[in-house]
Amino acid sequence: MTLHIKTPLIHSRALSLASGRKVSLKLDALQPSGSFKLRGVGFACETHKRNGARRFVTSSGGNAGYAVAYAGRELGIPVTVVVPQTTSERAKSLIRGEDADVVVHGISWGEANEYALSILKEGDAYLHPFDDPLLWEGHASMIEEISRETERPDLVICSVGGGGLLAGVVEGLGRVGWNDIPVLAVETDGANSYDQALKAGKPVAIPKIKSVATSLGANKVAARAVELAREHPIQNCLVTDAEAIQGSVTLLEEHRLLTEPACGASVAALSRVSELYPDAQNVVVIVCGGVGTTSQQLLEWSEFYGPGSDQIAAGHPDAVNTHASQ
Ligand SMILES: *Cc1c(COP(=O)(O)O)cnc(C)c1O
């Protein structure tokens, strides 16, 4: 038994018609914690429990924190989640709903994270939101599932925040002997820490996150994600907030799935495939999910950024600097 579930891989008629390719969706939005994070977090938490951990501590007010809270409740281990003041009431109440303790500390994710590290005592296990080989090992299971259900895809598309999902996808491709299948790594313009890292050849801190895709808002990616681009065929691309929102709207309207723009970004990246991978016929999009966006919020964003609007990301009140989600 694992904490995560095996998720469906479905053919998307709508996205296939729109992109002129065969598009399949790996529906990790259906994980009980609402995002793919439960794969890695669940695996890490089970490992820590086996090794005697008596409490889980994390600093993510986003999907990682929520997954840790879920895992802790399922495993009967208390959880403390340290979040900065910028974390939404909704996120805090979701985490508390999983019986975790929420501690508010600091004004940025960095401050909350430092505090989380400072309160660790004997018997505590610390869970990083993306930079941890245990997470990658857990995330990799999604590719094993895909390999059992379909012929070789020509391309896998996934979103990048801190690069944990990407590292897991690449690890999974290696496990099933798909080392040559390329990965398109997607960010929004205002959360482009992977793009910057690839250009610099190493992780660099970007000064400010300005995107509605807050789950992509790691200001510095994991070093492993940069290294992987030298070991595996990876290209990256950027989409606008408006495109990412439209991606989520498409998932809602065509597949009745509510996701964050962090996930919609990967759907939006289908529009880049003809240019970047003209020969790719079979494309798998990782639908990474996310619990941070309500239907109301998505509707407001789509009205604000929708067709006919000339708004740019930085103009929207929600497009602020939040590392809270990581
Ligand atoms: C965490 C998350 C991401 C980014 O994953 P990383 O491992 O940080 O790259 C993307 N989408 C959603 C919904 C997430 O929760």
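In this predicted model, the largest cavity encloses about 200 Å³ of space. Its lining is made up of 22 residues, and those closest to the cavity centre are Phe36, Lys37, Gly161, Ser215 and Leu216. By class, 12 residues of this lining are polar, eight are nonpolar and two are charged. In total, three cavities of 30 Å³ or more were counted.

Open space was examined as well. The second largest pocket holds about 220 Å³ of space. It is lined by 13 residues, of which Leu15, Val267, Ala268, Leu270 and Ser271 are the closest to the pocket centre. Three elements each give two or more residues to this lining, namely helix H1 (13-19), helix H11 (241-255) and helix H12 (261-268). Helix H11 gives the most, with four residues. Sorted by class, the lining of the second largest pocket comprises six polar, five nonpolar and two charged residues.

The largest nonpolar core contains 86 residues. Within this core, the residues with the most contacts are Phe56, Ile157, Leu166, Val169 and Ile286. Helix H3 (residues 63-75) supplies the largest share of the core, seven residues. Both domain 1 (9-36 + 134-315) and domain 2 (38-129) are represented in the core, each by at least three residues.

One residue of helix H2 was considered individually. Cys45 is located in this helix, which spans residues 37-50. The relative accessible area of Cys45 is 0%, and since buried means under 20%, Cys45 is therefore classed as buried. Cys45 and Ser16 are 29 residues apart along the chain, and their C-alpha atoms are separated by 37 Å.

The UniProt record, an unreviewed entry, lists residues 4-289 as "domain: Tryptophan synthase beta chain-like PALP". Across residues 4-289, helix accounts for 44% of the chain and strand for 17%. The C-alpha atoms at the two ends of this stretch lie 14 Å apart.

Key: Residues are numbered from 1 along each chain as its sequence is written. This is a predicted model: local features need pLDDT of at least 70, side-chain atom pairs count only at pLDDT 80 or more; totals for chains, interfaces and linings use all residues. Side-chain values use heavy atoms; hydrogens and water are left out. On a 1 Å grid over the protein atoms alone, a cavity is a set of points where a 1.4 Å probe fits but cannot get out, and a pocket is an open set with protein on both sides within 12 Å along at least five of seven lines; lining residues have an atom within 4 Å of a point. Grid points are joined across faces, edges and corners, and a volume is the space filled by probe spheres set on the points. Ala, Val, Leu, Ile, Met, Phe, Trp, Tyr, Cys and Pro count as nonpolar, Asp, Glu, Lys and Arg as charged, and the others, Gly among them, as polar. UniProt positions are given in the numbering used here, feature names are shortened, and annotations may be inferred rather than shown by experiment. A nonpolar core is a set of buried Ala, Val, Leu, Ile, Met, Phe, Trp, Tyr and Cys residues joined through side-chain atoms within 4.5 Å. Buried means under 20% relative accessible area, exposed over 50%, partly exposed in between (1.4 Å probe, protein chains only). Domain bounds come from an automatic or database domain assignment.
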